[in-house]
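This report covers the pockets, nonpolar cores and aromatic pairs of one protein model. The sequence and structure come before the details.

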Amino acid sequence: MKLHLEFGSLSHEEEAKQLAAILGQCFAFPNTERYFHRLGLENFRVVREGGRIVGGLGIYQMGQWFGGKSVAMAGLAAVGVPPEQRGTGVAFELLSQTLQELHEREVPISALYPATQRLYRKVGYEQGGNACLYEIPTNSIGLSDRTLPIQPVSPINYKIFSDIYCQSAIKINGNLDRHQAIWEAIIQPRELWEGIIPLREHEVIYAYLVGAQSQPEGYIIFHQNAKESQLVILDWVALTIAAAKRLWTFVADHRSQIKTATWRGSVIHPLLLFLPEQTAKVKNSSIWMLRIIDVAKALSERGYPAGVEAELHLTVQDDLLTGNNGNFILRVSGGSGEVTRGGKGELQLNIRGLSPLYTGLYTPHQLQFSGFLEATEKALATATQIFAGSVPWMADFF
């Protein structure tokens with residue numbers, strides 16, 4: 001039986017309760033009320049059938065760093081459909097309509113963590129970058145450098161750390177230009193999942209600044225899981241070599257009571273280079289997905305390598321957001337990009353193939369080998385120059 005679905009925002013408190021019940025069942029949310037409050041009811045979208053909600057999702061309006069520039073990004077989260085409605089097209093309709101709305105609002109890109117790739121690929125998402133959960137025995141860290149001071153922060157306010165974070169994140173493809181709700185989940189993480197053990201009420205979050213108080217060089221935010229004898233690093237940043245060594249020493253100084261430390265990072269993580277041995281192991285890993293919503297804006301708003309002067313002619317096919325179809329010329333100069341319509345179409349790809357090219361997760365040659373694009377040798381060489389950069393990753397889960 002074909003469903004007659006209506007897409008929209010939450011219209012009243014009773015609908016919010018219906019969506020909360022659906023998400024609570026889908027994700028075992030410990031506190032949907034807090035989650036709704038953090039994100040804001042206006043940032044949820046739902047589909048109704050016969051006046052009753054049969055699916056919904058939340059949208060984080062934030063940014064994501066690529067090539068040293070923050071690109072406006074809609075992070076989709078908590079995409080939930082009750083089990084009795086699955087397989088009926090509800091999720092596809094919910095996602096399709098959400099993307100249409102975002103396209104009309106000229107949002108350049110969207111990212112999410114998939115429970116299943118098949119669904120999100122149907123609406124144009126593709127793999128964008130990695131996120132790993134690391135674990136290391138504290139007695140194996142082997143650093144003892146206390147050159148820089150380290151001092152506790154209390155009360156904990158994310159604004160103390162946000163500038164330090166941005167100084168680091170701007171250099172890392174895929175890192176978030178964080179929404180306030182992401183910061184609040186770090187300093188009060190009772191809803192975190194995916195490899196980070198949720199806090200129990202009696203557990204305490206600790207935060208420390210590294211370096212001079214007037215000009216800090218890093219920070220660490222964590223809690224201690226006594227049952228697992230584990231230090232759970234919720235967020236940390238080192239802006240200097242000295243700060244990195246001090247942070248590792250600080251973690252190692254917990255070894256008399258703490259057996260292991262965990263943190264979220266990249267499969268290629270620069271902090272690992274400071275360790276004397278390869279004792280940090282990936283406990284689990286995941287790949288987040290990206291969707292190019294507005295081709296011209298996405299390509300023009302990211303940054304590019306400063307020394308590259310090049311012109312790339314693309315042909316893009318997008319079955320869902322047809323305004324993205326056609327030929328584009330990307331001109332790169334001085335670290336910035338300019339996009340116009342037209343050109344020779346020397347590099348041809350569908351909207352899914354554009355995502356891992358855009359983020360730099362895969363090289364143009366790798367994407368050609370996998371059948372995601374077709375291009376002339378000249379276009380492949382140009383794209384390789386334009387999209388060169390660090391491996392894309394993010395430390396945040398949403």
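## Pockets

The lining of the largest pocket divides by class into 32 nonpolar, seven polar and seven charged residues. The model is a predicted one. About 850 Å³ of space lies in this largest pocket, and its lining counts 46 residues. Nearest the centre of the largest pocket are Asn 175, Asp 235, Trp 236, Trp 393 and Ala 395. Two or more lining residues each come from helix H2 (32-39), helix H5 (159-169), helix H6 (180-187), strand S11 (230-238) and strand S12 (260-265). S11 supplies the largest share of this lining, six residues.

The second largest pocket holds about 660 Å³ of space. Its lining is made of 29 residues, and those nearest its centre are Val 79, Ala 115, Thr 116, Leu 119 and Tyr 120. The elements with two or more residues in this lining are helix H1 (13-27), strand S4 (69-80), helix H3 (90-104), helix H4 (117-122) and strand S13 (281-292). S4 gives the most, with five residues.

The table sets out the lining of the two pockets by class.

| Pocket | Nonpolar | Polar | Charged |
|---|---|---|---|
| Largest pocket | 32 residues | seven residues | seven residues |
| Second largest pocket | 20 residues | seven residues | two residues |

## Helix H6

Helix H6 also appears among the elements that line the largest pocket. Is H6 mostly covered or mostly exposed? H6 is mostly covered, as seven of its eight residues are buried. These are Ala 181, Ile 182, Trp 183, Glu 184, Ala 185, Ile 186 and Ile 187. The buried residues of H6 pack against two helices and four strands by name: H2, H5, strand S3 (52-66), strand S9 (205-212), strand S10 (215-225) and S11.

## Nonpolar cores

In soluble globular proteins, nonpolar side chains tend to be buried together. The largest nonpolar core here has 77 residues, and Leu 330 and Phe 398 touch the most other members. Leaving out residues up to four places away in sequence, Phe 398 has contacts with Tyr 60, Met 62, Met 73, Gly 75, Leu 76, Ala 77, Ala 111, Leu 112, Tyr 113, Leu 176 and Ile 182. A second core, separate from the largest, has 27 residues, including Ile 220, Leu 231, Ala 252 and Ala 261.

## Aromatic pairs

There are 19 aromatic pairs in the structure. In one of them, Tyr 113 and Phe 397, the ring centres are 4.6 Å apart and the planes lie at 45°, so the pair is tilted. This pair links distant parts of the chain: Tyr 113 is in the loop between strand S5 (109-112) and H4, whereas Phe 397 is in the segment after helix H11 (377-386), 284 residues apart. Tyr 113 is buried, with a relative accessible area of 11%, and Phe 397 is buried at 16%.

The rings of Tyr 134 and Trp 263 have centres 5.1 Å apart and planes at 10°, so this pair is stacked. Tyr 134 belongs to strand S6 (residues 126-137) and Trp 263 to strand S12, so the pair ties together parts 129 residues apart in sequence. Both Tyr 134 and Trp 263 are buried.

One aromatic cluster is formed by Tyr 60, Tyr 113, Phe 397 and Phe 398. Within it, Phe 398 touches both Tyr 60 and Tyr 113.

Note on methods. Residues numbered from 1 in each chain as written. Predicted model: local features only at pLDDT ≥ 70, side-chain atom pairs only at ≥ 80, totals over all residues. Heavy atoms only, no water. Core = buried A, V, L, I, M, F, W, Y, C linked by side-chain atoms within 4.5 Å. Buried < 20%, exposed > 50% of the residue type's maximum accessible area, 1.4 Å probe, protein only. Contact = heavy atoms within 4.5 Å. 1 Å grid on protein atoms, 1.4 Å probe; cavity = no way out; pocket = protein on both sides within 12 Å on 5 of 7 lines; lining within 4 Å. Points joined across faces, edges and corners; volume = space filled by probe spheres on them. Nonpolar A, V, L, I, M, F, W, Y, C, P; charged D, E, K, R; others polar. Phe/Tyr/Trp six-rings, centres within 6.5 Å; stacked < 30°, edge-to-face > 60°.
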